[in-house]
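The following exercises concern a single protein chain. Each task is followed by a solution in steps.

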Amino acid sequence: MKSKEIRQMNDSDLQAKLKDLKVELFNLRFQLATGQLENPMRIGGIKKDIARVMTIIRERELNAGKEA
């Protein structure tokens, strides 16, 4: 997922996306533990997506603080 795509989402969509990504990461870790994971590189990609979403959420929080 690209940063441009994430920045176009509104706050509620970002929170929903973050929740979905965390659930997906949990499922991938569970598959890794049971030996069923086919593509272990996907875990790193999901972690990066989570970091991107959290960064943009934090940027918006800081910008809202400056404007107030």
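**Exercise 1. Classify the accessibility of Asp 49 and describe its surroundings.**

Step 1. Asp 49 has a relative accessible area of 11% and is therefore buried; the classes are buried under 20%, exposed over 50% and partly exposed in between, computed with a 1.4 Å probe on protein chains only.

Step 2. The model is predicted, so that local features need pLDDT of at least 70 and side-chain atom pairs count only at pLDDT 80 or more, while totals for chains, interfaces and linings use all residues. Residues are numbered from 1 along each chain as its sequence is written, and side-chain values use heavy atoms, with hydrogens and water left out.

Step 3. Asp 49 belongs to helix H3 (residues 41-67). Helices (H or I, at least four residues) and strands (E, at least two) are DSSP runs numbered from the N terminus.

Step 4. A polar contact of 2.8 Å joins the side chains of Asp 49 and Arg 52. The term denotes a pair of N or O atoms within 3.5 Å; within protein, one must be able to donate a hydrogen and the other to accept it, and residues adjacent in sequence count only if both atoms are side-chain atoms.

Step 5. With neighbours within four places in sequence set aside, Asp 49 is in contact (heavy atoms within 4.5 Å) with Met 1 and Leu 21.

**Exercise 2. Identify the aromatic pair and state its geometry.**

Step 1. One aromatic pair is found in a search of the whole structure. It consists of Phe 26 and Phe 30, with 6.3 Å centre to centre and 35° between the planes, and is tilted. Rings of Phe, Tyr and Trp (its six-membered ring) pair if their centres lie within 6.5 Å; planes under 30 degrees apart count as stacked, over 60 as edge-to-face and the rest as tilted.

Step 2. Phe 26 and Phe 30 are separated by about one helical turn, because they lie four residues apart in helix H2 (residues 11-34). An α-helix has 3.6 residues a turn, so residues three or four places apart point the same way.

Step 3. Phe 26 counts as exposed at 56% relative accessibility, and Phe 30 likewise at 53%.

**Exercise 3. Which residues of H2 are buried, and what covers them?**

Step 1. The buried residues are Leu 14, Leu 18, Leu 21, Leu 25 and Leu 28. Their cover includes helix H1 (3-7) and H3.

Step 2. The largest nonpolar core has 13 residues, and Leu 14, Ile 46, Ile 50 and Val 53 have the most contacts inside it. H2 and H3 each supply at least two residues of this core, and the largest share, six residues, comes from H3. Such a core is a set of buried Ala, Val, Leu, Ile, Met, Phe, Trp, Tyr and Cys residues joined through side-chain atoms within 4.5 Å.

Step 3. Not counting residues up to four places away in sequence, Ile 50 touches Leu 18, Leu 21, Lys 22 and Leu 25.

**Exercise 4. Describe the chain as a whole.**

Step 1. The chain has three helices and zero strands.

Step 2. Its radius of gyration is 14 Å, whereas a compact globule of 68 residues would have one near 11 Å. The radius is taken over C-alpha atoms, and the globule rule is 2.2 Å times the number of residues to the power 0.38.

Step 3. The C-alpha trace spans about 50 × 15 × 15 Å along its principal axes.
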